[in-house]
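Open the model in your viewer and keep the selection tool at hand. Each stop below says what to select and what is there.

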Amino acid sequence: MNVIAEISRWAIPLLLLLIPVIAYLRKVPVYESFVEGAEEGFKTGVRILPFLIGMLVSIRVFVDSGALNILSHWLQPLFALIGLEADFAAIIPLAIMRPLSGSGALGVATQLINEYGPDSFIGRLASTLQGSTDTTFFVLTVYFGSVGIKKYRYALKLGLLADIIGLIVSVWIVTKVFY
Amino acid sequence: MVNLIWLLMLAIGIIVSAFNGHIENVTISAMKAAELGVEVAIELIGVMSLWLGLMRLAEEAGLVKGIARIFGPAIRRLFPSLRPDSPALGAIIMNLSANILGLGNAATPFGLKAMQELQKENPTPDVASPAMITFLALNTSCITLIPATIIGVRLKANSVNPTEIIGTTIVATGCAMFMAILVDYFIRRRRKT
């Protein structure tokens, strides 16, 4: 596992070094090309701004109102079906939050880890969940929005299906390994 | 479906706030979230510009084509509708690599770049193409070898073994990704016939 962690630590510095050096050796005007490419960053950022704001407002109003906790309570029987014991119901808000908002989910996960301890069952499950599913809803609206796609077809269903599988397997494997 | 979920979250949030007698929270939350949206976008402009600048260098040096040639054969099977030399493949591979290594803020610029390239080959500009849906399914379910952020959180919370969740994360993401690829494959096959 340490090897993988080292690769992750070195990946960006190495890319920052190797790409410009190779480009220079291949006679690319490195600085000018870099600036040309970077220009696109601004346009893309501005283009996705309305989608970010729209999504964040709706999610924040929902979560801050306390509706997330009510929904978590209602959904508890469903989570019991996939093997989550009632003692660990504190994890449910995170599971709901995860596909909606990355920063929101990270906040919930951090709070769970600090409250129950990183090496508790809930702490480990929260860590695994946070690391293993993505903010599907968010990625979809921003990515599609950035190129002007209005009809998502089956994309959302497929993404959410993957999230549910990730959730079920997370509960199963953490129970199996750590409980 | 997105329109409905968006409306439901907003409306339910407001109704619950009203019932709890904290209706003024809605105003604060909405304003704060709008501000946060700008912050996130501004930050993203910085990282996007950095990575898209590097991406341009890599393209002009022929590196992106090289990477696409090495990993292309495996990835191309998942995207049968793309031209074999499609520039989208390079961006897709870079995005997935960044995801696998847990480099979240490098993944987004490559992902948005991939979407732009995919859009160029999309015959119906306002409807998602099958290649886009496959890409997004891969992107959101992608196997993660280093969940870097959460390891940092665990470290700060004084975990005895902050990296012990790497194994469980790999299993969970691996299963999710496998299912996403499988289901996507069957949906595409069924829609074609």
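Select Glu36(A), Glu40(A), Arg56(B), Glu59(B), Lys113(B), Glu117(B) and Lys120(B): salt bridges link these residues into a network. The model is a predicted one.

**Stop 1: Lys113(B)**

Centre on Lys113(B). Which residue of chain A does Lys113(B) pair with in a salt bridge? The partner is Glu40(A), with 3.7 Å between the closest N and O atoms. This pair crosses between chains: Lys113(B) sits in helix α5 of chain B, residues 104–120, and Glu40(A) sits in helix α2 of chain A, residues 30–64. Buried or exposed, these two? Both Lys113(B) and Glu40(A) are buried.

Keep Lys113(B) selected and add Glu117(B). The two side chains form a salt bridge, 4.0 Å from N to O. Here the pair stays inside helix α5 of chain B, with the partners four residues apart, about one turn of the helix. Glu117(B) is buried, as is Lys113(B).

**Stop 2: the interface**

Now show chain A and chain B together. In contact across the interface are 95 residues of chain B and 95 residues of chain A. The area buried between the chains is about 8000 Å², and carbon and sulfur atoms give 76% of that. Select Met9(B), Leu57(B) and Thr140(B). These three supply 8% of the area that chain B buries against chain A, more than any other three residues.

How many salt bridges cross between chain B and chain A? The rule finds five across this interface. One to pick out joins Glu164(B) to Arg124(A), with the closest N and O atoms 2.6 Å apart. Polar contacts between the two chains come to 22 residue pairs, counting pairs with both residues at pLDDT 80 or more.

Colour chain B by helix. Elements with two or more residues on the side that touches chain A are α1 (2–20), α2 (23–60), α5, α6 (130–141), α7 (148–156) and α8 of chain B. Which element gives the most to that side? It is α2(B), with 24 residues. By class, the side of chain B that touches chain A holds 59 nonpolar, 26 polar and 10 charged residues.

**Stop 3: Asn139(B)**

Move to helix α6 of chain B and select Asn139(B). Why does Asn139(B) count as buried? Its relative accessibility is 3%, and buried means under 20%. Show the neighbours next. Leaving out residues up to four places away in sequence, Asn139(B) touches Asp134(A), Val139(A) and Tyr143(A), along with Asn95(B), Leu96(B) and Asn99(B).

**Stop 4: helix α8 of chain B**

Select residues 166–192 of chain B, which make up helix α8. Within that helix, find Arg188(B) and Asp184(B), four residues apart, about one turn of the helix. Their salt bridge has its closest N and O atoms 3.2 Å apart. Arg188(B) counts as buried because its relative accessibility is 14%. Asp184(B) counts as buried because its value is 2%.

**Stop 5: annotated spans**

Stay on chain B. An unreviewed UniProt entry lists "transmembrane region" at residues 6–24, 36–54, 88–112, 133–153 and 165–187 of chain B. Select residues 133–153 of chain B: the span is 71% helix and 0% strand, and its end C-alpha atoms lie 32 Å apart. Then select residues 165–187 of chain B: this span is 96% helix and 0% strand, with 33 Å between the end C-alpha atoms.

Switch to chain A and select residues 46–150. UniProt, in an unreviewed entry, lists this range as "domain: Nucleoside transporter/FeoB GTPase Gate". Over this range the chain is 75% helix and 0% strand, and 18 Å separates the end C-alpha atoms.

**Stop 6: chain B as a whole**

Zoom out and show chain B on its own. How many helices and strands does chain B have? The secondary structure comes to eight helices and zero strands. The C-alpha trace of chain B spans about 60 × 45 × 35 Å along its principal axes. Of the 193 residues of chain B, 50% count as buried. Among contacts in chain B with a separation of 6 or more, 59% join residues 24 or more positions apart.

To finish, bring back every chain and show the salt bridges. A search of the whole structure finds 12 over all chains.

How values were computed: Residues numbered from 1 in each chain as written. Chains lettered and ligands numbered in written order. Predicted model: local features only at pLDDT ≥ 70, side-chain atom pairs only at ≥ 80, totals over all residues. Heavy atoms only, no water. Buried < 20%, exposed > 50% of the residue type's maximum accessible area, 1.4 Å probe, protein only. UniProt positions renumbered as here; feature names shortened; annotations may be inferred. Contact = heavy atoms within 4.5 Å. Buried area = accessible area lost by both parts, 1.4 Å probe. Polar contact = N/O pair within 3.5 Å; in protein donor to acceptor, adjacent residues only side chain to side chain. Nonpolar A, V, L, I, M, F, W, Y, C, P; charged D, E, K, R; others polar.
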